[in-house]
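Here's a quick walk through a few helix contacts and some backbone oddities. Keep the viewer open while you read.

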Amino acid sequence: MLRNNIYYSIKPLVPRRLQIIARRCLVNQKLTRCRDVWPIDESAKRPPERWSGWPAQKQFALILTHDVESAKGQDKCDELMRLEEEMGVRSSFGFVAEEYELAPEIRHRLTDRGFEVNVHGLRHDGKLYKSKKSFQTQALRINRYLKEWGAAGFRSPSMYRNLEWIHDLQIEYDASSFDTDPFEPQPDGMRTIFPLFMGTNSHCGGYVELPYTLPQDFTLFVLMRQKNIDIWMQKLDWIAKNGGMALVITHPDYMNFSGKNLGIDEYPAAYYKEFLEQIKTRYEGQYWHVLPREIARFWSKNYGSGSHE
Ligand SMILES: [Zn+2]
């Protein structure tokens, strides 16, 4: 935690290019030590108790999500929405409520066209969980945005999390965790490729935790400088084989739709398109593709605290 505090306090002073170069070195060092748990942690494939499969006997679930980190990312939401509409898929977009000037019309366009919006924190500064008291104060504001946007879900900036405290949020699901991702600042994974119901002692209430199960685009294409989608497909095939949930996070901020003049923190949006095409080609008709809100409702109904009655 101390290292993270130092990182966030000096981050604004370090040029973006230097930040990325430093992070590339760290990722490379870690990679050699983490080969047995990344991108695949074999222990994560065990299905939950009483597991009776996905609706309509589908082999696996596919959930697409995006975090919109900055105004630059917000400006690219329409293009990403169009790409997904062309491919016949839908996703959720998470906006950072107080980080940049929000464009409510983009949010409305998304929901009108069958996409989902959620709250990706208040600020992207790593301070949400500094103390319980400050979390509770911020939770009130987060709840206000959830209500105003008609959102059912939350994802913490940088995947910092305290799954106990998150019970203060009025959410149906949280998506601030992963099955395995040793490159995140809070690197402990949930070690499952299935959703989890996070109940409370009071017998009712609780939310569904949705870990992401494919590596983040930023890690693969910006930090590891991968030039193809092989790692995504390797992991997807493994999830499909084990009947889990493929949950993907990508960021419009880092997608380059023109294919020209790639910035240091960008990758071609064509990679994402190719990924969607490959899923269709390999697994047409075999996966349950829904929005995070829908999988959370399915999970809560079948595996939630009231599901025994
Ligand atoms: Zn983020």
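## Ground rules

Helix axes here are lines fitted to C-alpha atoms over the stretch in contact, and angles run from 0 to 180 degrees between N-to-C directions. Helices (H or I, at least four residues) and strands (E, at least two) are DSSP runs, numbered from the N terminus.

This is a predicted model, where local features need pLDDT of at least 70, side-chain atom pairs count only at pLDDT 80 or more, and totals for chains, interfaces and linings use all residues. Residues are numbered from 1 along each chain as its sequence is written, and side-chain values use heavy atoms, with hydrogens and water left out.

## H8 against H9

Start with H8 (residues 230–242). H8 and H9 pack at an angle of about 35 degrees, and their axes are 11 Å apart. The crossing is right-handed, meaning the near helix is turned clockwise from the far one by less than a right angle (left-handed would be anticlockwise). On the H8 side, Trp232, Met233, Leu236, Asp237 and Ala240 make the contact (heavy atoms within 4.5 Å). Their partners on H9 are Tyr271, Tyr272, Phe275, Gln278, Ile279, Arg282 and Tyr283.

By class, that contact has 9 nonpolar, 1 polar and 2 charged residues. For the tally, Ala, Val, Leu, Ile, Met, Phe, Trp, Tyr, Cys and Pro count as nonpolar, Asp, Glu, Lys and Arg as charged, and the others, Gly among them, as polar.

## More on H8

How far apart are the end C-alpha atoms of H8? They sit 18 Å apart, which agrees with the 18 Å that 13 residues should span at 1.5 Å a residue; the expected span is 1.5 Å times one less than the number of residues.

The buried residues of H8 (under 20% relative accessible area; exposed is over 50%, partly exposed in between, with a 1.4 Å probe and protein chains only) are Ile231, Trp232, Met233, Lys235, Leu236, Trp238, Ile239 and Ala240. They pack against strand E1 (60–68), helix H7 (217–223), strand E8 (245–250) and H9. Right after H8 comes Gly243, with a positive phi near 70 degrees.

## H4 against H9

H9 (residues 269–283) also meets H4 (residues 77–87): their axes come within 11 Å and cross at roughly 20 degrees. That makes H4 roughly parallel to H9, the label for angles under 35 degrees (over 145 is roughly antiparallel, 65 to 115 roughly perpendicular and the rest oblique). H4 passes H9 in a right-handed crossing. Leu80, Leu83, Glu84, Glu86 and Met87 of H4 touch Ala269, Tyr272, Lys273, Leu276, Glu277 and Lys280 of H9. Here the class count is 6 nonpolar, no polar and 5 charged residues.

## Loops worth a look

Two spots to click on are in the loop between H2 (16–33) and E1, one of them being Pro39. A cis peptide bond joins Trp38 and Pro39, with omega about 0 degrees. Gln57 is in the loop between H2 and E1 too, and has a positive phi of about 55 degrees although it is not a glycine. Is Gln57 buried or exposed? Gln57 is exposed, at 76% relative accessible area.

Now hop to the loop between E4 (153–154) and E5 (173–174), home of Met159. Its phi is positive as well, near 60 degrees, but Met159 is buried, at 2% relative accessible area. Ile166 lies in the loop between E4 and E5 and is buried at 0%. Leaving out residues up to four places away in sequence, Ile166 touches Tyr129, Phe135, Ile171, Asp174 and Tyr207.
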